[in-house]
Amino acid sequence: NREITQSANPNGGRILLNMALAGVSTMSIEQPAETVLFYDEKVWPNGQYLVGFTDGHVKFLDEGEWAIAKNSLMLKLPKVGKALPSTLGSGWPGT
């Protein structure tokens with residue numbers, strides 16, 4: 001359901017997926033503990049970023065850690081399936 005993208009962040013925002021991983025086999029992700037799967041689009045009041053990684057762990061990152069981790073949002077990995085459309089979710093409340 002659409003509410004799954006809502007963040008509990010007091011600053012608002014949504015939980016976003018790393019679209020660079022759309023259509024990618026998990027076996028091709030070389031560093032799953034360092035590759036972002038989903039993330040909160042806005043910084044939290046404590047100055048940290050909430051991030052979930054492809055190995056399953058979730059944690060808050062400080063600004064320096066986020067600057068490094070967000071590089072995985074631009075990965076160029078081989079696609080094995082059809083990628084999700086870039087318009088997925090557009091028109092939903094809050095978008």
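These legends walk through several close-up views of one predicted protein model.

Because the model is predicted, local features need pLDDT of at least 70 and side-chain atom pairs count only at pLDDT 80 or more, while totals for chains, interfaces and linings use all residues. Residues are numbered from 1 along each chain as its sequence is written, and side-chain values use heavy atoms, with hydrogens and water left out.

**View 1. The whole chain, with one helix and four strands.** From the N terminus on, the order of elements is β-β-β-β-α. Helices (H or I, at least four residues) and strands (E, at least two) are DSSP runs, numbered from the N terminus. The protein has 95 residues, and 26% of them count as buried; here buried means under 20% relative accessible area, exposed means over 50%, and partly exposed is in between (1.4 Å probe, protein chains only). The accessible surface comes to about 6,400 Å², with 57% of it belonging to carbon and sulfur atoms. Those areas come from the Shrake-Rupley method with a 1.4 Å probe, and for residues only the protein chains shown count as cover. Take the contacts (heavy atoms within 4.5 Å) with a separation of 6 or more: residues 24 or more positions apart account for 48% of them.

**View 2. Trp44 against Phe60, one aromatic pair.** Rings of Phe, Tyr and Trp (its six-membered ring) pair if their centres lie within 6.5 Å; planes under 30 degrees apart count as stacked, over 60 as edge-to-face and the rest as tilted. By this rule the count is three aromatic pairs. In this one, the ring centres of Trp44 and Phe60 are 5.3 Å apart and the planes sit at 80°, so the pair is edge-to-face. The two partners come from distant parts of the chain, 16 residues apart: Trp44 is in the loop between strand 2 (36-40) and strand 3 (49-53), and Phe60 is in strand 4 (residues 58-61). Trp44 is buried, at 16% relative accessible area, whereas Phe60 counts as partly exposed at 33%.

**View 3. Tyr49 and Trp66, a stacked pair.** Here the rings are 5.5 Å centre to centre, with 20° between the planes. This pair also links distant parts of the chain, with Tyr49 in strand 3 and Trp66 in helix 1 (residues 63-69), 17 residues apart. Both partners are tucked away: Tyr49 counts as buried at 17% relative accessibility, and Trp66 is buried at 9%. Pull Tyr39 into the frame and you have one aromatic cluster of Tyr39, Tyr49 and Trp66.

**View 4. The largest nonpolar core, nine residues in all.** A nonpolar core is a set of buried Ala, Val, Leu, Ile, Met, Phe, Trp, Tyr and Cys residues joined through side-chain atoms within 4.5 Å. This one is made up of Val36, Tyr39, Tyr49, Val51, Phe53, Leu61, Trp66, Ala69 and Leu73. Strand 2, strand 3 and helix 1 are the elements that give two or more residues to it, and strand 3 supplies the largest share, three residues. In soluble globular proteins, nonpolar side chains tend to be buried together. Val36 is a handy place to start looking: leaving aside neighbours within four places in sequence, its contacts include Val51, Phe53, Trp66, Ala69 and Leu73, plus Asn18 and Ser72.

**View 5. Arg14 and Glu41, joined by a salt bridge.** A salt bridge is a side-chain nitrogen of Lys or Arg within 4 Å of a carboxyl oxygen of Asp or Glu, and a search of the whole structure finds one. The N to O distance is 3.2 Å. Arg14 is in the segment before strand 1 (15-17) and Glu41 is in the loop between strand 2 and strand 3, 27 residues apart. Each counts as partly exposed, Arg14 at 26% relative accessibility and Glu41 at 32%. Side chains of opposite charge can pair when their charged atoms come close.

**View 6. Leu16 in strand 1.** Leu16 is partly exposed, with a relative accessible area of 22%. Not counting residues up to four places away in sequence, Leu16 touches Leu37, Phe38, Tyr39 and Glu41.

**View 7. Asn9, in the segment before strand 1.** Asn9 counts as buried at 5% relative accessibility. A polar atom of its side chain lies 2.8 Å from the backbone nitrogen of Asn11, and the Asn9 side chain reaches the backbone oxygen of Val43 at 3.3 Å. Beyond residues up to four places away in sequence, Asn9 touches Asp40, Lys42, Val43, Trp44 and Pro45.

How values were computed:
A polar contact is a pair of N or O atoms within 3.5 Å; within protein, one must be able to donate a hydrogen and the other to accept it, and residues adjacent in sequence count only if both atoms are side-chain atoms.
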